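The following exercises concern secondary structure, helix packing and a chain–chain contact. Each task is followed by a solution that proceeds step by step.

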Amino acid sequence: MRRPSLGAIFLALIPFFAMCFSVSAWDRIYPMIFGLPFNIFWLLSWIVLTSICIGAMYRLETSRTSKDSVRRHRENELE
Amino acid sequence: MSPNAIALSIIFTIVVLGSAIGFYAGTRHKMSLEQWTVGGRGFGPLFMWLLMAGEIYTTFAFLGASGWAYSRGGPALYILAYLGLANVVAFFIQPPIWELGREHGMQTQPDFFLAQYRNKYLAAFVSVVGVAFIIPYLQLQLTGLGIIVEVASFGGIGRTRAMMIAVSLLAGFVFVSGIRAVAWVSVLKDFLMLIAAISIGIYVPHVYFGGIGPMFATLAREKPDHLVMPGATKNLGHAWYMSTVLLTALGAYMWPHSFGSSFTARSADTLRRNTVVMPLYNLSLAFILFTGFAAVLVVPGLMNGDLSMLTIVRKTFPAWMLGVVGGAGALTAMVPAAVLILTASTLFSKNLWRPIFARTMTDDQVAKLARIMVVALSLISLYLAIYSSTTLVSLLLLGYAGVTQFFPGVVLGLFWKRVTMVGVLTGMIVGVACTAFLILSNRDPIGGLNAGFLSLCFNFAVTVLVSILAPVKAAKLAENFSASGSDAP
């Protein structure tokens, strides 16, 4: 199976870092934002940002796929 | 009408309406095996979303999320994190799984292992493990349903009777309409769930504290420890959080039913688009957590945290709203239960019984056997839900940790050419055995880490090591790679 691009993998690591590995940096109550404890506010924002990251991955990968298929098509014609 | 009768009639109406939609869903299609299991591979983005959301938002999210926020506090936040990350993973693995699925006509997870590793015993092993972990999950849905309906009807319908009615209805619509029923009933279920979750999550803090902000301010003043990890627990700290988020993010789409759902998509692109919008659905879970946090202050001292949400709803809302919540809760159990039964029946008939015991069976005969299994499995899970409910939570944790052990075999199979059948099988056996041992002997969490995550690490290591060390048989992945037309040797 074709491997995903480095750009997409990089974009994928961002939410993992923000929501998972950096937990000790944001798991606290203050400052409260919009009345929410900081950790809950942080996670809710990152749910939305994760969706945006995946959207960016989508644009990156689909543009690559369409270029790929054009290239493969040309190669086939040459053969 | 008495409150009891009002709530009861609303629950009844919702459940009957949902089931009627399910029965109707399949009537315009001739139910071949492929139509029954993967909807003829014709689901577009909207249906795909409904199906996936329908599967993931189970009674555990409904009762468990508020229950965790109530009894454990901070550690419950993992519920907000994992679904988004699960979709990051799904973005990479679902499209290639779908491509291979179309090529080989796959309908189930063991079909995937069979095509990738060319060994029917590995596929049969995957089926056995899959069914073994589906049954407790199914049992959990039914028990949850029993609790919801009993509480929401003010005891008007007992637990056992509620479960029996619901199981006969859902077995009926799965029998008739297959996977299409699941997606269609999800329409009603998701709609009601969203309304219920948001209105409860906003209204309850408003009534008792004047809003969500003041509610958290009160909680931060009175019980500040409850809002951060490890909350009310001793051993669910940051290491546990990270390992659990990783385990559940990698495992969410390894459940045999979620894995099989990718085959229903019309195209690989449908699945990619779905992963972009799925995380947003998780926002609604925040409202359920808010309810659990409010309950800490409003109804302290409950023995069973899972009842915190229903208790507070019963205390706060009029009877008709309790009926809506009860009906939504019942469908939230029935939809996942339906797809679990469908998947387990197909795994048993298509990937275990036919290849091992009855090689001459046709697809139509498999479809017949699968439908008989729907009835059999419904009865088994009903029996389990009625007669044993003691170790439910540990069984669920075991299930999640268990199905995640499929992950190395799936991902390495897709992206690493040197992985071998023997490597995957040994890795999986080590992973499942390790999970079962650690969790059933109450050693979870171990050293601050989620035991399932630790098992997954062993599994990965063993799979890779055995694949490198053991001699490779010739007929393996190479053909699949060249067939998919990319970087073939």
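**Exercise 1.** Describe the secondary structure and burial of chain A in this predicted model.

*Solution.* Step 1: the count for chain A is 3 helices and 0 strands. Step 2: in sequence order these elements give the pattern α-α-α. Step 3: chain A has 79 residues, of which 32% count as buried. Step 4: taking contacts in chain A between residues at least 6 apart in sequence, 59% join residues at least 24 apart.

**Exercise 2.** Characterise the packing of helix 9 against helix 14 in chain B.

*Solution.* Step 1: two packed helices are described by the angle between their axes and the distance between the axes. Step 2: for helix 9 (residues 179-209) and helix 14 (residues 283-298) of chain B, the angle is about 35 degrees and the axes are 8 Å apart. Step 3: the crossing of these two helices of chain B is left-handed. Step 4: helix 9 of chain B contributes residues including B:Leu194, B:Ile198 and B:Tyr208, while helix 14 of chain B contributes residues including B:Phe287, B:Thr291 and B:Val298. Step 5: the residues of this contact divide into 13 nonpolar, 3 polar and no charged.

**Exercise 3.** Analyse the side of chain B that touches chain A.

*Solution.* Step 1: the contact draws 38 residues from chain B and 30 residues from chain A. Step 2: at least two residues of the chain B side come from each of helices 5, 10, 11, 13, 14 and 19 of chain B. Step 3: helix 5 of chain B gives the most, with 9 residues. Step 4: by residue class, the chain B side divides into 27 nonpolar, 9 polar and 2 charged.

Conventions
Residues are numbered from 1 along each chain as its sequence is written. Chains are lettered from A and ligands numbered from 1 in the order in which they are written. This is a predicted model: local features need pLDDT of at least 70, side-chain atom pairs count only at pLDDT 80 or more; totals for chains, interfaces and linings use all residues. Helices (H or I, at least four residues) and strands (E, at least two) are DSSP runs, numbered from the N terminus. A residue is buried if 20 or more other C-beta atoms lie within 10 Å of its own, exposed if 12 or fewer, and partly exposed in between; C-beta atoms are placed from the backbone. Two residues are in contact if their C-beta atoms, placed from the backbone, lie within 7 Å. Axes are lines fitted to C-alpha atoms, for helices over the stretch in contact, and angles run from 0 to 180 degrees between N-to-C directions. A crossing is left-handed if the near helix is turned anticlockwise from the far one by less than a right angle, and right-handed if clockwise. Ala, Val, Leu, Ile, Met, Phe, Trp, Tyr, Cys and Pro count as nonpolar, Asp, Glu, Lys and Arg as charged, and the others, Gly among them, as polar.
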